[in-house]
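Thanks for coming. I will go through a few strands and then the cysteines.

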Amino acid sequence: MIHTACPLDCYDACSVVYDSVNSKALVASSLVPNTNGVLCPHLNKHFFEAKRLEKPMVNGVEVSMSEALDAVANAIKDNPWLLWRGSGNLGLMQEVTNLLAKRSNGVLTHGTLCDGAGDAGIVEGRGVNRLLSAEQISKADIVVVWGRNITVTNSHLIPYIKDKDIVVIDPVKTKIAKMANLHIQVKPRSDFYLAILLSRFIIMENAEDREWLEENASEWEDFYDFTRTFRIKAILEHIGLSLNDIGDLLLKLQSKRVVFLVGAGVQHYESGYDTLRAIDSLAAILGLFGKEGCGVSFLSNSKLGFKNPFSVNTKTESIVTTPFSKYKSVIIQGGNPAHSMPCSNRVEEELRGVENLIYFGLYENESSKLANIIIPAKSFLEKDDVRLSYGHQYMQKMNKAYDSDIGISEYQFTQELLKRLNQEPIEDESYYIDFWLNQAIKKDNIFISPSFEEIPYSNGFGEDGDEEFEFIDDFYDDFEDIKALRRFRKKLKVNSEEMWLLTPKSSKSLNSQFIREESIVYVPNIPWISDGDRVLVKSIWGELELTAKVSLDLREDCVLIKRSVRGVNILTPPISSSEGNMACYGDVKVVLEKL
């Protein structure tokens, strides 16, 4: 029995045992309690069913690994080259390729496709983005699930909230919304306004935690003045809610222990930074920080408190709008930019303009099909690694389960290329793994993040706990003013009004890994569209032909396409958030045309 950890990009970061007697037996380990004795289908089933890249290829011809690495070395040795790394695998040793870039004139990317805007907003208000543990969430009386589809993205948290009074704020009636005591079906991209309005009403009703505020957030009255700059009636109309909706929610929020579980979807906008700041400001008005069973849970900073041996100073390009064709050679590592980046028509065109496109990963996908050099990677069972988590406080050693002739690890890839480029070798692999593990707090064979606080912010805000909470005090929304995007807008002649496009994760896949969703667009009850109709979904960035399926779980102003559907990001905009350098998948409306 060999202990390891799930490498997939997920809150749960499950603890895993590999059974060497049965080569396809992965079972949940009790080493990390959050795993709750079960593994999700991604790891338990789909991981073994997915067809891997097994043979190195150069220009469509199968070659040895040594020959393929020679080709990579020749491609990157003379000119600046680009490394674009995805986040489908979260083992820390993935980042060792930064050292290759640093030593060989490589260019990295900055920013994120996922959570950068929200993280920036949290850091602005709290100073640091600390984890709210499942143990603290389990002590809450009220759990507000705000734009977070827990049954899909965080299923191991369900046992911790199963007996709670659950409120869901989401434009979709998700499975967790159907289980909830209250569902607020808010308009997309209006979460900022809802948080501001709730804060204003809390203070109007004298329900703020004034004692906590005076000690930890003394500028709260200035924040109240800021909330009063928004007109109540106009905001209610804009977000599509009534005073009764707000009243029901306010009663819930005045409970003793409240936790907000906030998902990445609420901040996938140019103004996503402001949205998390507004939600955090609401939590501060209620005095929910630094108390047992209270707080705001987002994707925490898993590296907080660690020194990173792979942190380097190099030139970077935005991961949101990467100019691939600017480079003669590009290495795509463990990602699928041709699918996952916004405005993917542009991305594919850019990738086709790269002379030496190198794909280094596990599975065939849209990006690997464009590459002229293929380097198969090793799976997490075939190498040693270390796993942190943005969803819990535990750090896990990922032990190699077995040897395999397939692929090469990120460490070996880096070391082999440095040798071919006549560069000094990096440290032994064990040096980097120990470097990470030695920074953790070890208790009874369990590694815990050095920044973990049982009750986060109980000692105050900032890195040293000597700062106050900072409220949001300014806001400008370019999209709602129809400036940032309208200047590019084309006139579309269609028989439908514009609708918000939602692109949530699928339960069958992890972004573009594993089982891809059918090419379906979920639509509300529209008189002229029926199940099975072929429709053209159009945005100003592109268009996609899909099969319609009517869903009563959607607001009337929304359509939904799962994130793993091929071509979905043809429709999404190539813009970055105002803060946090993040992709703004939600800043787009579409129209439907029946074919």
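**Strands and cysteines**

I start with strand β15 and one of its neighbours: β15 and strand β16 (residues 373-376) run parallel and are joined by 4 bridges. One pair in that set is glycine 361 with proline 376, the latter in β16. Keep in mind that this is a predicted model.

Strand β14, residues 329-333, also runs parallel to β15, and here 5 bridges join the two. Glutamine 333 has phenylalanine 360 of β15 as its bridge partner.

Now β15 itself, residues 356-361. How many of its residues are buried? The count is 6 of the 6, so the strand is largely enclosed by the rest of the structure. In a regular strand, side chains alternate between the two faces of the sheet. In β15, Asn356, Ile358 and Phe360 point one way, while Leu357, Tyr359 and Gly361 point the other way, and all are buried.

Next, the N-terminal end of the numbering. There is an open sheet of 3 strands here, in the order β1-β2-β3, with antiparallel pairing. Its edge strands are β1 and β3, each of which pairs on one side only. From one strand to the next, the twist averages 40°.

Take the pairings in turn. Strand β1, residues 2-5, is joined to β2 by 4 bridges, antiparallel. Within that pairing, threonine 4 has valine 16 of β2 as its bridge partner, and histidine 3 stands opposite valine 17, also in β2. On to strand β3, residues 26-28: its pairing with β2 is antiparallel over 3 bridges. There the bridge partner of tyrosine 18 is leucine 26 in β3.

Which residues cover the two sides of β2, residues 15-18? Ser15 and Val17 lie on one side, Val16 and Tyr18 on the other, and all of them are buried.

Last, the cysteines. With a cut-off of 2.5 Å between sulfur atoms, the count comes to 0 disulfides. Cysteine 40 is in none; the nearest cysteine sulfur to its own belongs to cysteine 6, 6.0 Å away.

Why is there no bond from cysteine 558 to its closest cysteine sulfur? That sulfur is in cysteine 584, 18 Å away, and so too far for a bond. Is cysteine 558 buried or exposed? Cysteine 558 is buried, with a relative accessible area of 0%.

To recap: β15 has parallel partners in β14 and β16, the β1-β2-β3 sheet is antiparallel, and the disulfide count is 0.

Conventions:
Residues are numbered from 1 along each chain as its sequence is written. This is a predicted model: local features need pLDDT of at least 70, side-chain atom pairs count only at pLDDT 80 or more; totals for chains, interfaces and linings use all residues. Side-chain values use heavy atoms; hydrogens and water are left out. Buried means under 20% relative accessible area, exposed over 50%, partly exposed in between (1.4 Å probe, protein chains only). Two strands pair if DSSP finds at least two bridges between them. Axes are lines fitted to C-alpha atoms, for helices over the stretch in contact, and angles run from 0 to 180 degrees between N-to-C directions.
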